[in-house]
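Subject: Structure handover

Hi,

Here is the model I promised to pass on. Have a look at it first, and then read my notes below.

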Amino acid sequence: MSELTAREGNDEAVSRFVERFAAELTEAGMQRMASRVFAALLASESASMTSAELAEQLRISPAAVSGAVRYLTQVGMVGRERDPGSRRDRYVLHNEVWYETLTRRDQILTRWEKVLRDGAEILGTDTAAGRRTAETAEFLEFLQKEMLSLLDRWRAHKASQREAQRD
């Protein structure tokens, strides 16, 4: 098999992976185009691509790329940088994208918990709705504590891996 044929076969496998992972993200609730753009960035060697590169790889319009990138930047999963000496934007995955995403999610859970605690008080802890709302707030508080512990363990794990690689 020639080098070109092997690379084309690998490109097809990468495209299948991108579409498969994007489908999983979409199934979990992320916008379809945002899922595809995120998966393409994740699978790219540099974790960054221009709008034209994304449009070409995914076979979508520049407008679709723009909308997907807008969503991904709003949720903090992708950043925008300028190519040196160019007016083109390059879209880049944030370092530790999952860690950062979960950290931001924790902030959302904090806000939800506060609103739910206020709601439980308003509904009355002696009512079924109040108890249900208070239990939801309690669950979110538990989840936040566990999430922080989990994220701390992840940091320690990554640090130990880096240390082992240096040895």
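How many residues lie between E2 and E3 in their hairpin, and which residue in the turn has a positive phi? There are six residues between the two strands, and Gly85 is the one in the turn, with a positive phi of about 75 degrees.

Before going further, keep in mind that this is a predicted model. Mean pLDDT for the chain is 87, with 95% of the residues at 70 or more. Taken by element, H2 has the highest mean (95) and H1 the lowest (79). The part to be careful with is residues 1-8, where pLDDT is below 50. Beyond near neighbours in sequence, that stretch has one contact in the model. Where pLDDT is low, the predicted coordinates should not be read in detail.

Back to the strands. E2 (residues 78-82) and E3 run antiparallel and are joined by five bridges. Across that pairing, Glu81 stands opposite Arg90, and Arg80 stands opposite Tyr91. E3 also pairs with E1 (residues 48-50), again in the antiparallel sense, over three bridges. There the bridge partner of Met49 is Tyr91, so Tyr91 turns up in both pairings by the bridge rule, which needs at least two bridges for strands to count as paired. E3 is mostly covered, with four of its five residues buried.

Next, the core. The largest nonpolar one has 24 residues, and Val37, Leu41, Leu54 and Leu72 have the most contacts inside it. Two or more residues each come from H1 (3-27), H2, H3 (51-58), H4 (62-74) and E3 (89-93). H2 gives the largest share, six residues. If you want one residue to click on, try Leu54: leaving aside residues up to four places away in sequence, it touches Val37, Ala40, Leu41, Met49, Arg59, Ile60, Val65 and Tyr91. Two of the strand residues mentioned above, Met49 and Tyr91, are on that list.

Then there is H5. This helix covers residues 97-123, 27 in total, and at 1.5 Å a residue it should span 39 Å. Its end C-alpha atoms are 38 Å apart, so the model agrees with that expectation. The buried residues of H5 are Val97, Tyr99, Thr101, Asp106, Leu109, Glu113, Gly119 and Ala120, and they pack against H2 (32-43) and H6 (128-166). Thr103 is also in H5, but it counts as partly exposed because its relative accessible area is 26%, above the 20% cut-off for buried. Its C-alpha is 16 Å from that of Leu72, a residue 31 places away along the chain. Just after the helix, Gly124 takes a positive phi of about 95 degrees.

One last item, on aromatics. The count comes to one aromatic pair, namely Phe17 and Phe21, which are stacked at 6.1 Å centre to centre with 5 degrees between the planes. Why might these two rings meet? They are four residues apart in H1, so about one helical turn separates them. An α-helix has 3.6 residues a turn, so residues three or four places apart point the same way. Both are partly exposed, with relative accessible areas of 40% for Phe17 and 23% for Phe21.

Cheers

Methods
Residues numbered from 1 in each chain as written. Predicted model: local features only at pLDDT ≥ 70, side-chain atom pairs only at ≥ 80, totals over all residues. Heavy atoms only, no water. Expected span 1.5 Å × (residues − 1). Buried < 20%, exposed > 50% of the residue type's maximum accessible area, 1.4 Å probe, protein only. Contact = heavy atoms within 4.5 Å. Core = buried A, V, L, I, M, F, W, Y, C linked by side-chain atoms within 4.5 Å. Phe/Tyr/Trp six-rings, centres within 6.5 Å; stacked < 30°, edge-to-face > 60°. pLDDT = per-residue confidence, 0-100.
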